Every structure is written in C-alpha cells, then in structure tokens.
Amino acid sequence: MSPVACGAIGIDFGTTNTVVSLIGADGQAHLVAFPRDDGEIVAFRSALSFHAPPDDPSGRVVEAGPWAIEAYVEEPLETRFIQSFKSYAASPLFQDTRILGRRYQFEDLLSTFLLRLRAHAGAHMASLPSTAIIGRPVNFAGARPDAALAVERYQAAFARLGFTDIRYAYEPVAAAFFFARRLQGEATVLVGDFGGGTSDFSIVRFDQTEGALRSAALANAGVGVAGDAFDYRIIDHLVSPELGRGSHYKAFDNVVPIPNRYFTAFARWEQLALLRASRDMRDIRGLLRSSLEPQKIARLVEILDDNHGYRLYQAVSRLKETLSLASSATFLFEAGSVRIEKPVAREEFEAWIAPELAAIEGAVDEALKRSGLRPQEVDRVFLTGGSSFVPAVRQLFARRFGEAKLESGGELVSIASGLAYIGAGPDLDRWCEKAA
C-alpha cells in the first residue's frame with residue numbers, strides 16, 4: 001500500500017541517512033520509497049552536492065542523497081559536497097558557509113536537502129499533512145551543543161516545506177513506539193539508538209490499561225559518539241600509518257614528525273577533496289622529497305589526487321560489517337596503485353573503540369540513574385541503528401541486562417515509523433515538544 005498524507009508525517013533526519021514514514025489508510029506506518037534505476041531505496045543518504053555547469057558558471061545544479069554522492073565522485077574538484085551536516089545543527093560556531101558564491105546557513109542547507117528529498121520521492125510526498133513529527137537526538141553532537149539553537153534551525157528549515165504544526169520527539173522514544181507494537185503485555189523498555197553521530201537512550205514504561213497500551217517516559221540520556229567515530233578509529237589505526245602518519249621528514253639538519261593535521265581530514269571522506277584544494281597540499285607534495293618514507297607519502301598524494309576517499313570508506317564499512325559476523329577479517333583497500341591489506345582481529349577493533357564504548361556505557365548509566373531503576377528492573381532492551389550490530393556494543397548491554405532481554409530490528413526504519421505512530425496517536429503534547 002502506498003502511504004497517504006493523513007494524520008502526520010514522521011521524518012528521521014539522521015547524520016548518515018534520512019527516512020520518512022507516513023500513516024496509511026490502514027493505520028500502519030509506511031516508509032516513503034525513492035525510486036532509482038536499480039530499484040527503490042527507503043534510506044536516503046543525508047548528503048548534498050552543488051555543482052556549477054561549465055556552460056553556466058553562475059548557475060548551480062543541486063543534488064541530494066545518493067545522487068549527490070554520484071555527482072561528487074564524478075567531478076570531485078568541481079563539486080561542493082556536504083554530508084553529516086546534522087553534526088553542525090547545534091553548533092553556535094557554525095554560522096554559514098559559502099557555496100558557489102552564495103551564503104548558506106544551516107537551515108538553508110537542511111531545507112535545500114529536504115526539498116530535493118521531496119522531489120525524488122515523487123507522488124509519495126506530493127501532498128503532505130500539516131503536522132510533522134521530527135526526530136531529534138537526546139544530546140546533539142559536537143562540543144557544547146546548543147539544543148535550542150538546533151531546534152530553532154530545524155524549525156526554519158521544515159517550515160519551508162509547508163508544515164504548519166512541527167513537533168519534535170526524541171529519537172529513542174520514537175524507536176520505543178515502534179518496538180512497543182511487538183509487546184504482548186506490560187514492560188519497562190530501554191531503547192538504545194545508535195546513529196552516525198550520536199548514541200541515545202530512553203527508558204519507557206508500557207502498561208495495559210482498559211485493553212489499551214499506555215506509555216510513560218521515565219528517562220533519557222545520550223552521548224555524541226557513534227558509528228562515525230568507529231570508522232575513524234579504523235582509519236586512524238589501519239590506514240593513516242600507511243600514508244605517513246607517525247613518520248618523519250628532514251627539515252634542514254633536523255628530523256621532525258609529519259604533522260598530524262594532514263590526517264584529521266580522514267574523519268570524513270568528503271573532507272579529503274578540501275584537503276587537496278588547501279594550502280597544505282603543496283606541503284604534502286614537498287614531503288615526497290624530504291620524507292624518510294616517501295612511498296607512504298606517495299600513497300597519500302595518490303589518494304587525494306585521484307579522489308579515492310569514497311572507496312576508502314567503503315572498505316572501512318566492509319571491515320566493520322565483517323567483524324560483526326566473524327572474529328577476524330582482512331581489511332583490503334585497492335585503488336589505483338594503492339593497496340593496503342591487513343588482518344584485523346575483532347579484539348583489536350574493540351580495543352580501538354574502547355573510549356567510545358566507555359562513553360556509551362556512561363550514557364546508559366545516566367539513563368538508569370535518572371529513571372531510578374536498577375538494571376534488573378528493565379524488562380526488555382531494544383537496540384537499533386547500524387552500530388547496534390557491533391558485537392562489543394551488544395555485549396555491553398548483555399553484561400548489564402542479560403542476553404535474554406536483548407532485541408533488535410528495524411535498524412534503519414524504526415525511528416521514522418515510530419515518529420509516524422506518535423503523530424497518529426492522541427497524546428502529541430505528551431510525547432512531542434514544539435519549538436520555543
């Protein structure tokens with residue numbers, strides 16, 4: 001059944017992907033699909049590209065989602081590519097950025113992205129309800145995030161789609177509503193939602209009252225680390241040392257370390273094109289002559305010059321997925337003349353991400369503290385989001401709550417569906433907030 005614009009729309013704007021859900025005439029949440037030549041997708045990549053056509057330098061071609069990635073990979077130097085921009089929503093330091101001579105604030109980027117997403121949805125989003133339920137993290141990513149600022153920016157962007165009643169619900173609470181449809185009775189549920197930029201937790205009590213399932217939020221907590229941080233740990237330990245990090249070069253009569261700042265751009269693959277266009281690139285090329293290990297610098301230059309960043313992060317994703325299923329795997333990155341192949345044990349990967357795991361465990365502790373519950377008083381634990389597949393993440397909850405209580409599912413779609421169900425329910429004011 002195709003979704004119809006009745007009730008409310010649920011929009012999960014994520015760091016990595018965005019998912020949209022509408023309640024159908026059958027009362028069920030239906031995901032909005034985006035048709036492509038190779039089939040439909042429901043997870044729309046949270047990315048934007050801006051390109052000035054050669055025959056019209058003053059014009060601009062804007063794309064979003066997987067189409068933005070394709071445009072960037074095809075013309076990396078002529079295309080301004082932006083992804084994971086949700087990470088800047090709560091940052092007072094991010095005021096605006098200039099793209100092809102035009103100034104874009106955060107709300108401009110988000111509304112541009114949403115309008116392209118709507119265009120790719122076609123008939124599914126041609127007619128929209130007036131009410132939108134937007135997911136938001138418990139704690140936004142970034143240093144000293146300003147949640148009120150983020151919601152203000154969201155409000156300006158989503159209003160440009162024509163919504164007149166815009167409400168915000170915590171992402172793990174929405175996932176709890178999705179999970180609650182499985183429940184056969186009363187339960188206290190801890191939901192862990194692992195996105196690209198944040199890991200968020202909610203504890204919700206579900207009770208049967210007069211034949212209906214009632215719910216009450218007990219506590220929320222979150223931390224600004226998740227899947228993106230895991231990826232960077234792999235890059236930092238496996239790849240960057242093969243590209244010169246930790247090596248040295250000669251400066252006159254001195255031997256000095258190669259600056260680490262050349263490798264911080266690997267935190268996000270789209271930043272590599274910016275590094276190539278920066279002043280640092282001239283210095284990096286100069287290291288080919290002065291480095292004590294010039295073959296490593298040659299690999300770095302080739303990756304930057306030939307735009308191999310996207311392939312690199314695909315290799316990282318494959319490794320992480322394989323280590324979720326096996327105790328060891330081989331990391332393999334091949335592009336041009338560059339080949340990096342290394343065996344990796346799951347225990348090594350878990351040691352690399354130990355700081356992130358500790359931060360996640362601290363957020364779970366905070367949620368329990370705020371709820372006043374002991375671990376044994378939690379009946380079910382629902383884990384969702386891509387990083388919930390990482391065994392070390394799951395083991396963290398198994399140790400605390402017991403393996404028998406753990407459940408998962410709907411890793412990409414649970415939040416959007418839950419948001420739609422919240423919007424279709426009678427207690428909007430109880431579960432959602434409006435912008436101040």
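Phenylalanine 349 is a buried residue, with a relative accessible area of 2%. The model in which it sits is a predicted one. Phenylalanine 349 belongs to helix 11, which spans residues 346–352. Its ring pairs with that of phenylalanine 230, a residue of helix 5 (residues 227–239). Phenylalanine 230 is buried too, its relative accessible area being 1%. Along the chain the two residues are 119 places apart, and the pair links distant parts of the chain.

How are the two rings, with their planes at 90°, arranged towards each other? Rings whose planes are over 60 degrees apart count as edge-to-face. The planes here stand at 90° and the ring centres are 6.4 Å apart, so this pair is edge-to-face.

The pair is part of a count of 23 aromatic pairs. Elsewhere, ring pairs join a number of aromatic residues into a cluster, including Phe13, Phe34, Phe44, Trp67, Phe85 and Phe106. Phe113, Phe140, Tyr154, Phe158 and Tyr168 are also in this cluster.

One member of the cluster, Trp67, also has a charged residue over its ring. Arginine 36 lies over the face of tryptophan 67, with 5.2 Å to the ring centre. A second arrangement of this kind involves tyrosine 421: arginine 181 lies over the face of that ring, at 3.9 Å from the centre.

The next topic is the packing of helices. Two packed helices are described by the angle between their axes and by the distance between those axes. For helix 12 (residues 354–371) and helix 13 (residues 391–401), the angle is about 35° and the axes are 11 Å apart. Their crossing is right-handed. Helix 12 brings Leu357, Ile360, Glu361, Val364, Asp365 and Leu368 to the contact. From helix 13 come Ala392, Val393, Leu396, Phe397, Arg400 and Phe401. What kinds of residue make up the contact of helix 12 with helix 13? Nine are nonpolar, three are charged and no polar residue takes part.

The buried residues of helix 13 are Pro391, Ala392, Val393, Leu396, Phe397, Ala398 and Phe401. Alanine 398 shows how such a label is reached. Buried means under 20% relative accessible area. Alanine 398 has 18% relative accessibility, and therefore counts as buried. Leaving aside residues up to four places away in sequence, alanine 398 touches Glu403 and Leu406. Glutamine 314 is 84 residues from alanine 398 along the chain, and the C-alpha atoms of the two are separated by 29 Å. After helix 13 comes glycine 402, which has a positive phi near 100°.

The backbone angle phi is also of interest in some other residues. Most residues other than glycine have a negative phi. Is the phi of serine 84, a residue other than glycine, positive or negative? Serine 84 has a positive phi, near 55°. Serine 84 is located in the loop between strand 9 (79–83) and strand 10 (97–99). With 5% relative accessibility, serine 84 counts as buried.

Asparagine 307 is not a glycine either, yet its phi is positive, at about 60°. Asparagine 307 is found in the loop between helix 9 (294–305) and helix 10 (309–325). The relative accessibility of asparagine 307 is 18%, so asparagine 307 counts as buried.

Note on methods. Residues are numbered from 1 along each chain as its sequence is written. This is a predicted model: local features need pLDDT of at least 70, side-chain atom pairs count only at pLDDT 80 or more; totals for chains, interfaces and linings use all residues. Side-chain values use heavy atoms; hydrogens and water are left out. Axes are lines fitted to C-alpha atoms, for helices over the stretch in contact, and angles run from 0 to 180 degrees between N-to-C directions. Helices (H or I, at least four residues) and strands (E, at least two) are DSSP runs, numbered from the N terminus. A crossing is left-handed if the near helix is turned anticlockwise from the far one by less than a right angle, and right-handed if clockwise. Contact means heavy atoms within 4.5 Å. Ala, Val, Leu, Ile, Met, Phe, Trp, Tyr, Cys and Pro count as nonpolar, Asp, Glu, Lys and Arg as charged, and the others, Gly among them, as polar. Buried means under 20% relative accessible area, exposed over 50%, partly exposed in between (1.4 Å probe, protein chains only). Rings of Phe, Tyr and Trp (its six-membered ring) pair if their centres lie within 6.5 Å; planes under 30 degrees apart count as stacked, over 60 as edge-to-face and the rest as tilted. A charge sits over a ring if NZ of Lys or CZ of Arg is within 6 Å of the ring centre and within 35 degrees of the ring normal.
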